[in-house]
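Colleague: I am new to reading protein structures, and I would like to learn how to go from strands and helices to a picture of the whole. Could we work through a case together?

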Amino acid sequence: MLLSASNITKEYYEGSSKRLVLDNVSLEARIGEFVLVTGRSGSGKSTLLNLISGIDTPNTGSVNIDNTNITKLSETNRTIFRRENIGFIFQFFNLIPTLTVKENLILPLDLLGYTRNSKNDEARLLLKKIGLSDREDSYPDRLSGGEQQRVAIARAIIHSPKIVLADEPTGNLDARTGKEILELFNTLTKERNMTVIMVTHSSEAELYTNKILDLHDFHLIKRVKW
Amino acid sequence: MLLVWKSSIRYLFRNRTYLLFSIIGIAMGVSVVVAIDLASKTAGNTFKFATEAVVGEATHKIIGGPNGLPDKIFKDIKFGTDVKDIAPIVEGIVTISETNKKVTLLGIDPFSEYGFRNFNIINSIESQNNFDSLLSVPNTVAVSQAFLETLSDDTSFQLISDDSIQNVQIVGIINPTNSINQIGFESLIITDISTAQEILNSIDILTRIDLKFQDEISSKKGISQIEMIVPSSVSIIPSGTRQKTVNEITKAFNLNLTALSLLALLVGIFLIYNTMTFSIIRRRNIIGILRAIGVTQKNIFLIFISEAIFLGIISVVLGVFLGILLAQTLLELITRTINDVFFAANVYQLQIDLFVLIKGSLLGIIASLIAAVIPSYEATRITPISAMIQSNRETSFRKILPLVSIVGLIFFIAGCILLLLPLSGIEISLLSLGCVTFGLTLQVPACTIFLLKAFNYFFKNIFSTLTFAAVRNIGASLSRISISIAALSLAVAVTIGIGLMIGSFRSTVEDWLNYSLVADIYISPPSVDSGQLQKSINTTLIQQITNLDEVNYVTKLLATELQTTEGTTQLAVVDSNIQILSESINLKKGNNSTVWKSFFTTNAIFVSEPYAYKNDIKIGDNIQLPTISGLKPFEVIGIYYDYSSSRGVILINRTIYNNNWNDIRVTSLALHTETASNSKSTIAKIEKLSKPYHPIEIQSVKEIKERSMDIFDRTFDVTSVLRLITIVVASIGILSSLIAFQIEKEKESAILRALGVTTNQFQLLTFFQTSIIGLISGLVAIPIGIIISWVLIHFINQRSFGWSMELDISFWIIIQGLLISILASMCAGIYPTFKNKSESISKALKQE
């Protein structure tokens, strides 16, 4: 099992009051598996991704990725682990506005210390795949929402992480663009045999997987696909 | 990591207007520090080199009383002892007629000079030793090349001594023979001893005799031999006392200026803090993304610290350049103040000291780093989750506010404790003032919340929702805006504090002048400024003036100096009656009926307040003074208020003085006439009487008061320049905050404009907001300013100069401070207002 989140509980403090977000939640994913997490707004889907990525830590429970219990790692080591093993896609694209398309793309490789040539080769290859070869020197604010999300997907997978976490990747796009993005996302992650955990409201995403989990009342419930 | 750095640099350049204002603000802070340091050092060095040029290699000097030394003593020592390295000197201050500059006239004996002073004299035509010309031709002088260049005629010029205008011929150029700085000779005229005696009207009198001993043994032996043959009125003291005196009297002045310049840098630090905080807040989202994709906290910290260093370096380069320019202006003001208050000195050119520039640069960079540490650390704590929640930063800012206030309180209390320590010197007092001011400034954010709440409470029914929202926006952006409010408050508080101090000082001096100047007409030789030795008035003229029908009584004064082993002591000798003296001298201590009688009959003296403070003198103490019959004790029976000299003055009765120093000179007269109304005709009569004699200056009491107050006001010109710069730096802080504020509120502004708020309405709203910011800064600054002035008056001034004064809280100065604050803030609002006008609504609305 590549990912194993066991009995994780997460509570937040709002002033002096405590708010439960996840209660004793467990989740597993194999290599190359596509897991969909659905649920109402505020049900804790994004929190779950944050815990899996090590951005946040659970109050109880553990997250194991490729035999590493990331909840036991120090903040710095969690960050380095994330850098090497996890790709992130956000609803609002979150490209760095001060870097060009190509630079945004190669940022993870840059952090991992790749050489200039290998970074450029990899970036050009992916740009071609996402159909943005002619926009490599554009800044993000010059791209449409769909184009920005394509770059974000490419950035998430360029360093071949073991897991890609996607937080509502189509939430900010129209239905047609959303569909295109999901197709692209599925193709690219399948090609590289990556594990995907996607949080979404989109029913379109259900076409790509059989493993759908519903977050309801702080618990994760497996949904049977009809 | 290269791309992360690239992104950081691009961000800075994308926000270049904001960056530019921040850089200018910090650069101005640095420039003030550099300028004050350069100007003070140049002035200090010039005085030091001038002293070195005059003193040369002499180790000791023989001095007489106020009348100088008779020529004969030189011959007695030369031929009656084994001391061979001995050089007679006649020295005095003269004014150059053409340039109206005061220079030192040094009369030397070329035959005795060998090995004493580090120069020779070369003929301007043929390079040869030209001491001979000085000896053989009367009224010939040698000057430095720099001095020569200030004259229109390079062969002769006129100089004014107390009694006459003299024409002198230039026969040589002073050529330094060792590494002593050329600057030392720029304000020096060298001549033969007899020419100097003629010009300075001191025939057969020497100012001093320089001695050079090789070691301590030979000095002890030589001194004991000399003491055996010279009269007891003569003293032998080390040569270094002159520089020591100069250093002591300018130390407090320079220290206060340095403190004021550091204040501008402190305002600059607030600015850097503000810039960095804003820069981080703006990039919370980017930091969040970077952290999500694996950039560590350490990397984030390094990025922001590097940005601060980058900002610091650019600001420092600009600041050093601005500092050099500003130093030229300040040098003139500082030299003028030193001339007005302390002693005659000329500074021709700014010396650019590399060490000062490096020191200023390092200070700027270190200040940038200190200011950036907290924001950079905060940046590392940004997580991808918190980056998304906008209200988090305000919540956390408000959470740490109590801590900020407590830290401020600790600084304030520490400052108060330091102030009350009995042994506190000026340095400690300034540090205490820094702690008190910083502590109070840290209360500004809490005070801002309080004032905004009060504003909301009182005006909620008066203003429209829109106006109200504009005010509420200030509160909602407190984490950014309160730093700028604090910086502006600090600058305005200092303006109010110094303004109140100067105002209090001014009214104290005015009261003192009104109290002291009880006569109707005052007479003295011309061009005598405060702090300089006065020349004497002809005795026949004094008699003629005394005999005038209109003159009821003449108080005769002598301002002179005594050389002691501790340095130079100012002596005021007064010849008057008990009634006038008791009316014009305001005793701080020792005021009882027996004091005045003792002053006229015994070896008793009064000392001025600064003298008593600096020398720790109390009533009943004895001061040893070198008289014609050797050192004699004089009992201090009174301490009086005096604001004419920060060095301190000893006041002595004429009869007692004459008995001990045998000196009949009079340097000024105070005439008590029949009625004040006829002073004009009396002045005309005195002018007529004085025509056959050398020129004198006759002033009515009104004129002398005006002149004194002019000098007083000029003394604070440097302070005014520094206050103005501090306000400008703080205004730039507000400006950059407003730009930051506007960038943050771009979308909100676009929504308002899309909803139908006109550009004019928007501009009015921005101005309203900036006025509120200015008002808050000004209101908070008032109590801080009053506390600063209280500390300045009761501690800093007292410990720097020994003057006591009462705090006079002027309503006008407070209102002025408030208006400056509002105006500075509104000026800062002009650019953001017009920038907003040009913003595209659609573009701003599209922004995520």
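Modeller: Gladly, and let us begin with one pair of residues: B:Ile63 has B:Arg208 of strand S11(B) as its bridge partner. Please keep in mind throughout that this is a predicted model.

Colleague: Which strands does that pair belong to, and how many bridges join strand S1 of chain B to S11(B)?

Modeller: Strand S1 covers residues 60-63 of chain B, and four bridges join this strand to S11(B), the two running antiparallel. A second pair along the way is B:Lys61, whose bridge partner in S11(B) is B:Asp210.

Colleague: Which way do the side chains of such strands point?

Modeller: The general idea is that in a regular strand the side chains alternate between the two faces of the sheet. In S1(B), B:His60 and B:Ile62 point one way while B:Lys61 and B:Ile63 point the other way, and all of them are buried. Strand S11, residues 208-211 of chain B, can be read in the same manner, for B:Arg208 and B:Asp210 point one way, B:Ile209 and B:Leu211 point the other way, and all are buried.

Colleague: What other strands pair with S1(B) and S11(B)?

Modeller: S1(B) pairs with strand S12, residues 235-238 of chain B, in the antiparallel sense over four bridges, and there B:Ile62 stands opposite B:Ile236. S11(B), for its part, is joined by four bridges to strand S3, residues 86-96 of chain B, and these two also run antiparallel; B:Pro88 has B:Ile209 of S11(B) as its bridge partner.

Colleague: How should I read a sheet in chain A, and in what order do its strands lie?

Modeller: One useful habit is to list the strands as neighbours. Here six strands form an open sheet in the order S6-S7-S8-S3-S9-S10 of chain A, with mixed pairing. The edge strands are S6 (86-89) and S10 (219-223), each of which pairs on one side only, and neighbouring strands are turned by 20 degrees against each other on average, direction ignored. Within the sheet, strand S3 (residues 34-39) and strand S9 (residues 211-216) of chain A pair in the parallel sense over five bridges, and A:Val37 stands opposite A:Leu213 of S9(A).

Colleague: Which helix lies across S6 and S7 of chain A?

Modeller: That is helix H5 (residues 145-157) of chain A, which lies across S6 and strand S7 (163-167) and runs at about 170 degrees to S6(A).

Colleague: How do I describe two helices that pack together, such as H2(B) and H11(B)?

Modeller: Start with the angle and the distance between the axes. Helix H2 (residues 16-55) and helix H11 (residues 354-380) of chain B pack at an angle of about 150 degrees, with their axes 9 Å apart, and they are therefore roughly antiparallel to each other. H2(B) passes H11(B) in a right-handed crossing. The contact includes B:Ile26, B:Val30, B:Val33, B:Val34 and B:Asp37 on H2(B), and B:Val356, B:Gly360, B:Leu363 and B:Gly364 among the residues on H11(B). By class, the residues of this contact divide into eight nonpolar, three polar and three charged.

Colleague: Why do the contact residues of a helix often come at spaced positions?

Modeller: An α-helix has 3.6 residues a turn, so residues three or four places apart point the same way.

Colleague: And where do the two chains meet, and how many residues does each give?

Modeller: The contact takes 22 residues from chain B and 21 residues from chain A. Helices H1 (2-14), H9 (284-292) and H12 (384-388) of chain B each supply at least two residues of the side that touches chain A, and the largest share, seven residues, comes from H1(B). That side of chain B divides into eleven nonpolar, six polar and five charged residues.

Colleague: What does H1(B) pack against in chain A?

Modeller: Helix H3 (residues 101-111) of chain A and H1(B) pack at an angle of about 135 degrees, with their axes 8 Å apart, and they are therefore oblique to each other. The contact is made by A:Glu103, A:Ile106, A:Leu107 and A:Asp110 of H3(A) and by B:Leu2, B:Leu3 and B:Lys6 of H1(B).

Colleague: Is H9(B) largely enclosed or open?

Modeller: Eight of the nine residues of H9(B) are buried, so this helix is largely enclosed by the rest of the structure.

Note on methods
Residues numbered from 1 in each chain as written. Chains lettered and ligands numbered in written order. Predicted model: local features only at pLDDT ≥ 70, side-chain atom pairs only at ≥ 80, totals over all residues. Axes fitted to C-alpha atoms, helices over the stretch in contact; angles between N-to-C directions. Parallel < 35°, antiparallel > 145°, perpendicular 65-115°, else oblique. Left-handed = near helix turned anticlockwise from the far one by under 90°. Contact = placed C-beta atoms within 7 Å. Nonpolar A, V, L, I, M, F, W, Y, C, P; charged D, E, K, R; others polar. Buried ≥ 20, exposed ≤ 12 C-beta atoms within 10 Å, placed from the backbone. Pairing = 2+ DSSP bridges.
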